[in-house]
Amino acid sequence: MTHDLTLPSGTPIAEGLAERALRDPHRPRFHFTSPGGWLNDPNGLSHWNGVYHLFYQYNPLAAAHHRIHWGHATSPDLVHWTDEPVALVPGTTGPDRDGCWSGVLVDDGGVPTLVYSGRHGEHELPCVARGSADLRYWTKDPANPVITAPPEGIDITAFRDHCVWREGEVWRQLVGSGIRGVGGTAFLYESDDLRSWRYVGPLLTGDASQNQGDLDWTGTMWECVDLFRLGEDEEADSTDALVFSAWDEGTTHHPLYWTGRYQGDTFTPTALHRLDYGGRYFYAPQSTRDEHGRRIMFGWLQEGRTDEANAQAGWCGVMSLPRVVTLATDGGLHQAPAPELTELRRERVEVSPGRLTDPYTPLPAVRGDQLDIETTLRLAPGATARLVVRETPDGAERTVVEVSRAQDGTGGTLRLRRETSSLDPTVDTEPRHGALPLDPDGRVDLRVLVDHSALEIFANGRALTARIYPTRPDEAVGVGIGADGDVALERFDAWQMTSAFTDVPRPLWP
């Protein structure tokens with residue numbers, strides 16, 4: 001992505017970044033964050049010889065998007081992460097001297113190989129690096145860039161980010177782009193060796209003139225395209241998903257996906273969907289199929305506070321929790337946190353089931369800024385249920401998760417109200433919302449994970465991700481529930497979540 005920030009004037013570069021980051025009360029403790037500095041897109045996501053590898057866009061020198069490296073972390077369980085040596089560093093010369101941008105990891109006959117975007121000036125071109133058997137050390141190909149220019153004769157808006165896979169005897173690659181005056185696209189290439197690439201054509205092109213300003217506008221460029229199939233090839237009900245993040249003139253908008261069928265050199269779409277109702281707070285997602293056959297996805301949680309606040313805190317950017325993506329009954333994608341995350345649960349509190357008769361009831365037994373809450377609700381037509389988190393004792397700061405059912409009972413809405421999540425006028429507190437599928441009985445399975453400033457919500461398989469920054473973080477630990485209309489609370493369980501990292505500064509250059 002190209003949200004390129006200048007370094008704030010007077011900021012001591014890399015001075016105490018990890019130490020300041022550790023002291024910040026808004027820094028998550030069970031989401032993955034870089035040791036300090038800047039983090040954005042997940043890259044090179046893979047499950048290699050039983051180990052999960054998460055690479056990511058990283059600036060270890062400042063909490064700003066500048067001269068990007070590839071950070072690297074490994075995990076046996078998607079929960080506990082070990083910092084590995086920085087995988088890619090911008091060159092002093094060559095096509096990546098201004099940054100090693102987003103890409104993927106593939107298995108080239110047993111040789112781990114990265115395909116990434118090297119940046120030099122305004123040029124962003126595909127590059128390749130080969131890795132050691134343990135994926136810790138990487139050697140860039142002297143022939144980089146392996147594609148020397150975007151397709152000829154096309155006025156593009158941008159050209160970067162990669163999805164690469166083996167198809168029969170050839171490699172295929174998608175590069176995110178956009179055709180000026182038309183819309184976002186993914187350019188398809190193929191190769192015999194990952195070095196010499198033949199341009200095939202646009203896999204699919206959006207229409208930027210449609211729905212501009214809406215929550216499903218496809219933008220003028222598609223970042224971080226990701227193509228995958230859910231279901232076996234032989235199954236008639238298998239679905240292909242083409243995930244992308246809508247971008248326009250330097251502004252990151254939201255992640256979307258097309259469902260449809262990839263066949264030959266084209267993708268025939270059936271429907272366009274919103275991937276996460278949080279918009280830019282779950283951006284540039286990447287997925288992989290792990291050795292258990294699951295589709296695992298991570299996304300980048302952008303910040304909602306000022307660049308100056310990020311610089312002072314010494315860090316910027318959060319990786320989402322790992323999600324398991326499956327095919328929903330309505331033909332879209334169903335998302336849920338990886339079940340391994342329950343390893344971090346401690347001190348379970350159960351709330352007795354029953355009717356929610358009041359608009360709001362505090363739950364004094366449930367408190368904290370590292371929480372995992374699961375509840376099952378049943379809503380009558382026209383009813384609304386709300387879960388309040390990160391509430392101060394006086395209620396001045398509170399974040400409200402709402403689920404509601406339409407008056408005619410046909411569907412519902414998931415809504416996040418952040419208007420009072422912070423008294424800091426400089427942070428983003430705009431609400432977020434999206435459609436909530438409901439069965440005729442109005443059942444909602446709601447899960448809310450609170451990790452300091454990171455908030456991930458899952459309701460009937462739909463996701464909403466956001467950031468919150470209470471000005472009194474030590475006091476903003478209250479939780480409560482309530483309802484308008486006929487709502488039955490069938491289950492409510494909450495757990496304290498322990499930290500996934502030790503409480504010491506982590507080396508910026510492990």
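This report describes charged pairs, one buried acidic residue, a nonpolar surface patch and some backbone features in a predicted model.

**Salt bridges**

The structure holds 46 salt bridges, and three of the pairs are set out in the table below.

| Acidic residue | Basic residue | N to O distance |
|---|---|---|
| Asp-265 | Arg-172 | 2.6 Å |
| Asp-240 | Arg-261 | 3.6 Å |
| Asp-484 | Arg-386 | 2.7 Å |

Side chains of opposite charge can pair when their charged atoms come close. Asp-265 forms a salt bridge with Arg-172, and this pair links distant parts of the chain, 93 residues apart, with Asp-265 in the loop between strands E15 (251-263) and E16 (266-274) and Arg-172 in strand E10 (residues 170-179). Asp-265 has a relative accessible area of 38% and is therefore partly exposed, whereas Arg-172 counts as buried because its relative accessibility is 6%.

A salt bridge also joins the side chains of Asp-240 and Arg-261; Asp-240 belongs to strand E14 (residues 239-248) and Arg-261 to strand E15, and the two lie 21 residues apart. Here the acidic partner, Asp-240, counts as buried at 2% relative accessibility, while Arg-261, at 26%, counts as partly exposed.

In the pair of Arg-386 and Asp-484, whose side chains meet in a salt bridge, the residues are 98 apart in the chain, Arg-386 being placed in strand E27 (residues 384-391) and Asp-484 in strand E34 (residues 478-484). Arg-386 counts as buried, with 15% relative accessibility, but Asp-484 is partly exposed, with a relative accessible area of 35%.

Beyond these pairs, a network of salt bridges links Arg-345, Arg-348, Glu-350, Asp-372, Glu-374, Arg-447, Arg-491 and Asp-493.

**A buried aspartate without a salt bridge**

Asp-77, found in the loop between strand E3 (69-75) and E4, is buried yet has no salt bridge, and the nearest side chain of opposite charge, that of Arg-294, is 9.6 Å away. A salt bridge requires the nitrogen and oxygen to lie within 4 Å, so Asp-77 and Arg-294, at 9.6 Å, do not form one. The side chain of Asp-77 does make polar contacts, one of 2.9 Å with the side chain of Ser-75 and another of 2.9 Å with that of His-80. When neighbours within four places in sequence are left aside, Asp-77 is in contact with Tyr-52, Glu-340 and Glu-343.

**A nonpolar surface patch**

Leu-61, Val-89 and Trp-509 make a nonpolar surface patch of about 260 Å². Val-89 lies in the loop between strand E4 (82-83) and strand E5 (100-108), and because its relative accessibility is 35%, Val-89 counts as partly exposed.

**Backbone features**

Most residues other than glycine have a negative phi, and most peptide bonds are trans. Against that background, the peptide bond from Asn-144 to Pro-145 is cis, with omega near 0°, and Pro-145 is found in the loop between strand E8 (138-140) and strand E9 (156-167).

Arg-67, which is not a glycine, has a positive phi near 45° and sits in the loop between strand E2 (51-59) and E3, where its relative accessible area of 34% makes Arg-67 partly exposed. His-452 likewise has a positive phi, of about 60°, although it is not a glycine; His-452 is placed in the loop between strand E31 (443-451) and strand E32 (454-459), and with a relative accessible area of 7% His-452 is buried.

Definitions and conventions
Residues numbered from 1 in each chain as written. Predicted model: local features only at pLDDT ≥ 70, side-chain atom pairs only at ≥ 80, totals over all residues. Heavy atoms only, no water. Patch = residues over 30% accessible without salt bridge, like charges linked within 9 Å, V, L, I, M, F, W, Y side chains within 5 Å. Areas by Shrake-Rupley, 256 points an atom, 1.4 Å probe, with all protein chains shown as cover. Helix = DSSP H or I, 4+ residues; strand = E, 2+ residues; numbered from the N terminus. Buried < 20%, exposed > 50% of the residue type's maximum accessible area, 1.4 Å probe, protein only. Lys, Arg positive; Asp, Glu negative; His and termini not counted. Polar contact = N/O pair within 3.5 Å; in protein donor to acceptor, adjacent residues only side chain to side chain. Contact = heavy atoms within 4.5 Å.
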